[in-house]
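Please take a moment to look at the sequence and the structure side by side before reading on.

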Amino acid sequence: MRLRKAVTTLLTRARVCRVATADQRGLPHVVSVCHVVADGKLYFATGSDTRKARNLQANPQAAVLVDVYSEDWSLLRGVMVQGTVRLIDRGPGFRKIQKLLYQKYPQYPEAAALEESEDTIVELTPTRASSWGFGD
């Protein structure tokens, strides 16, 4: 599925998103991650042994939420994207997204450097999206 331009802009500009995963029993897990959007997909990195990585290995479905809060509720907006994931542990795809994450978050290389085989790039391909505040 292709995301609307306004939704893609919000996802791209957001500095953080919340990612929900579930293990094989359906136990949910939600964490904040730093992400990038490229070629209609959303990407983030995680350690290969984290709960979200283990959850995604067992259940390759995830949801991502970005929202903007305002005390003026007429200005509220956000998007929730659901999709399937692919885990990328090494190779050109890993290095491409690593570079994009390093460009968006200059502190990444020093504070949380990404290493092939030790870390995983998560590629989320949208299958469904719900948005609000865009004149829907």
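The paragraphs below go from the whole chain to a few of its residues.

The model is predicted, and for that reason local features need a pLDDT of at least 70 and side-chain atom pairs count only at pLDDT 80 or more, while totals for chains, interfaces and linings use all residues. Residues are numbered from 1 along each chain as its sequence is written, and side-chain values use heavy atoms, with hydrogens and water left out.

The protein chain contains four helices and seven strands, where helices (H or I, at least four residues) and strands (E, at least two) are DSSP runs numbered from the N terminus. Followed along the sequence, these elements come in the order α-β-β-β-β-α-β-β-α-α-β.

The C-alpha atoms fill a box of roughly 45 × 35 × 25 Å along the principal axes. The radius of gyration of the protein chain is 15 Å, which agrees with the value near 14 Å for a compact globule of 136 residues; this radius is taken over C-alpha atoms, and the globule rule is 2.2 Å times the number of residues to the power 0.38. Of the 136 residues, 38% are buried, a word that stands for under 20% relative accessible area, with exposed meaning over 50% and partly exposed the range in between (1.4 Å probe, protein chains only). Among the contacts with a separation of 6 or more, 66% are accounted for by residues 24 or more positions apart, a contact being heavy atoms within 4.5 Å.

One residue to look at is L65, which lies in strand 5 (residues 61-68). L65 counts as partly exposed because its relative accessibility is 28%. Leaving aside residues up to four places away in sequence, L65 touches C17, R18, V79, M80 and W132. By contrast, L65 and Q107 are 42 residues apart in sequence and 23 Å apart in space, taken from C-alpha to C-alpha.

The structure also holds two aromatic pairs; rings of Phe, Tyr and Trp (its six-membered ring) pair if their centres lie within 6.5 Å, and planes under 30 degrees apart count as stacked, over 60 as edge-to-face and the rest as tilted. Y102 and Y108 form a tilted pair, with 5.9 Å from centre to centre and 40 degrees between the planes. Y102 counts as partly exposed because its relative accessibility is 22%, whereas Y108, with a relative accessible area of 13%, is buried. Y105 and Y108 form an edge-to-face pair, at 6.2 Å centre to centre and 70 degrees between the planes, and both Y105 and Y108 are buried. Ring pairs thus link Y102, Y105 and Y108 into a cluster.
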